[in-house]
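The following paragraphs offer a guided reading of a protein model. Please keep the sequence and the three-dimensional view at hand while reading.

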Amino acid sequence: MPHRAPHTTSTTESGSFCTARCTCGWRGPARRARSQARTDAEHHLADAAAGPGADTGPERPME
C-alpha cells in the first residue's frame, strides 16, 4: 500500500469571502461565513479518510 501524505486544511480570507484549502490541492467554494468554510474542510477530511471510491454523500466539485 503506497504511503499517502496527510491532508491538512486551512482557511484563507479574501475580502468578504473565506475559502477552505488543503495541502492535497483541494479548494472549497468561497463562502461569506467562516464557519461554512470550516465545515467544507471537515467534509473534505472525512471524504479523504474514507478513501477513493467510498460513497460519502453527494459529490462536491473540486474548484
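A suitable place to begin is C18, which has a relative accessibility of 2% and therefore counts as buried, since the limit for that class is under 20%. C24 belongs to no disulfide, and the nearest cysteine sulfur, that of C22, lies 3.7 Å away. Because a disulfide requires two cysteine sulfur atoms within 2.5 Å, a separation of 3.7 Å does not qualify. By this rule, the structure has zero disulfides. As for its surroundings, C24 is partly exposed, with a relative accessibility of 44%. The model discussed here is a predicted one, and these values are computed from it.

From the cysteines one may turn to the overall plan of the chain. The protein chain contains one helix and two strands, and their order along the sequence is β-β-α. Strand 1 covers residues 9-14, while helix 1 covers residues 34-50.

How many salt bridges does the structure hold? There are two. Side chains of opposite charge can pair when their charged atoms come close. One of the two salt bridges joins R34 to E13, with the closest N and O atoms 2.6 Å apart. Because R34 lies in helix 1 and E13 in strand 1, this pair ties together parts of the chain that are 21 residues apart in sequence. R34 itself counts as partly exposed, at 48% relative accessibility.

The side chains of R31 and D40 also meet in a salt bridge, with a distance of 2.9 Å from N to O. Are the partners in this pair buried or partly exposed? R31 has a relative accessible area of 28% and is partly exposed, whereas D40, at 5% relative accessibility, counts as buried.

The account may close with the chain as a whole. The protein chain has 63 residues, of which 19% count as buried; D40 is among the buried residues, and C18 is another such residue. The surface that the protein chain exposes amounts to about 4800 Å², and carbon and sulfur atoms supply 52% of that area. Contacts within the chain can also be considered by their separation in sequence. Among contacts between residues at least 6 apart in sequence, 23% join residues at least 24 apart.

How values were computed
Residues are numbered from 1 along each chain as its sequence is written. This is a predicted model: local features need pLDDT of at least 70, side-chain atom pairs count only at pLDDT 80 or more; totals for chains, interfaces and linings use all residues. Side-chain values use heavy atoms; hydrogens and water are left out. A salt bridge is a side-chain nitrogen of Lys or Arg within 4 Å of a carboxyl oxygen of Asp or Glu. Helices (H or I, at least four residues) and strands (E, at least two) are DSSP runs, numbered from the N terminus. Buried means under 20% relative accessible area, exposed over 50%, partly exposed in between (1.4 Å probe, protein chains only). Contact means heavy atoms within 4.5 Å. Accessible areas come from the Shrake-Rupley method with a 1.4 Å probe; for residues, only the protein chains shown count as cover.
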